[in-house]
Amino acid sequence: MADKGIIIMGIESSCDDTSAAIIRDGEILSNVVASQKVHEEYGGVVPELASRAHQQNIIPVVDLAMKRAGINREEISAVAFTRGPGLLGSLLVGTSFAKGFSLASKIPLIEVNHLQGHVLALFIKENGVEFNPPKFPFLCLLVSGGNSQIILVRDYLDMEVIGQTIDDAAGEAFDKCAKVMGLPYPGGPHVDRLAKEGDPLRFEFSRPRIPGLDYSFSGLKTNFLYFLRDNLKENENFVEENLADLCASLQHTIIEILLSKLKRAARETGINEITVAGGVSANSGLRNALQENAKKHRWNLIIPKFEYTMDNAAMIAITGYYKYLNKEFTGQDAVPFARTQL
Ligand code: KG4
């Protein structure tokens, strides 16, 4: 039989996206993501509804991923799944599915830390697209709905968190402030769109004074809430009349907070190979600010393709691939973790 290479199926179900992907020797063959719409009317992810939707979606999503890749179950070398961090009920669906799949197909099971997956998304190869991965060691600004971290990446499976939020994540700051302005969930992309028309210097919001490379976003969120409340007392149309400026000023503040610690990390470690990952890295203002800083500080900046910044199984499959090469397998007794560190 011809050598088919190492084929890894990735399964991601940590929050509200059910995803399956197939990767062969590090190159993407398929990446299917089913996003759950059911949460929109609640203004945030409802854990119980998320796990039910994963249960409904997982089989069709996996089926489609195999069809799109043109791969049979028998050809898959190993199945990788997100073990944590995330919502426990959601993680259970992907974990149980992966265990069953591994048993039935008699292939190894590989657990993946979701955060490591976000970082290794930078190493996904695409047919016909120039492969331009970062060189080790590099710094990764991981900004998502649940995390804001600066990670020092020494090798594929050797990473250290050198700074992280002590309370809310940057994505939460976007989403919660958007919610109080009456924008739909998740608010980050709406703030991004509206900010393009607004004045980023019109309103000034508070910035944290946190030592070292750590972040904090809860003070900004409270400050924003009180600012709106006070202004709404004077003018009940304050939000509608100033929406673009509010979004632009909020986004500007979040970006400044993120960039100040990233610049410091680059200075202190002497590393100028800089990358970004996670859902918030889709933000156009953040991307522009990163580009400007890259020019100014001579960073080699690598920004992943948009579809790999959001939650997806391709990043789980690529991490599974490197763990497979390292023979890091997981037993059938694995249980998901809601909270895990890298
Ligand atoms: O990594 P991700 O898909 O999953 C979670 O960690 O849950 O990140 C989702 C987060 C949400 O907070 C969302 O509002 C934010 O990423 N996000 C954005 C943008 N696109 C997604 N935030 C700001 N600007 C965007 N364009």
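Which residue stands opposite Ile274 in strand 10? The residue is Leu301. The views below come from a predicted model, in which local features need pLDDT of at least 70, side-chain atom pairs count only at pLDDT 80 or more, and totals for chains, interfaces and linings use all residues. Residues are numbered from 1 along each chain as its sequence is written, and side-chain values use heavy atoms, without hydrogens and water.

**View 1. Strand 9 and strand 10 pair in the parallel sense.** Strand 9 covers residues 273–277, and three bridges join strand 9 to strand 10. Strands are DSSP runs of E, at least two residues, and helices are runs of H or I, at least four residues, numbered from the N terminus; two strands pair if DSSP finds at least two bridges between them.

**View 2. Five strands form an open sheet with mixed pairing.** The strand order is 8-7-6-9-10. Strand 8 (158–164) and strand 10 (300–302) are the edge strands, each pairing on one side only. From one strand to the next, the twist averages 25°. Helix 7 (residues 238–269) packs on the sheet and touches strand 6 (138–143), strand 7 (148–155), strand 8 and strand 9. The direction of helix 7 makes about 160° with that of strand 6; angles run from 0 to 180 degrees between N-to-C directions.

**View 3. Helix 4 (residues 170–180) and helix 6 (residues 218–234) have axes that come within 10 Å.** The axes cross at roughly 10°, which means that helix 4 is roughly parallel to helix 6 (angles under 35 degrees). Lys176, Cys177 and Val180 in helix 4 meet Lys221, Phe224, Leu225 and Leu228 in helix 6, contact being heavy atoms within 4.5 Å.

How values were computed:
Angles under 35 degrees count as roughly parallel, over 145 as roughly antiparallel, 65 to 115 as roughly perpendicular and the rest as oblique.
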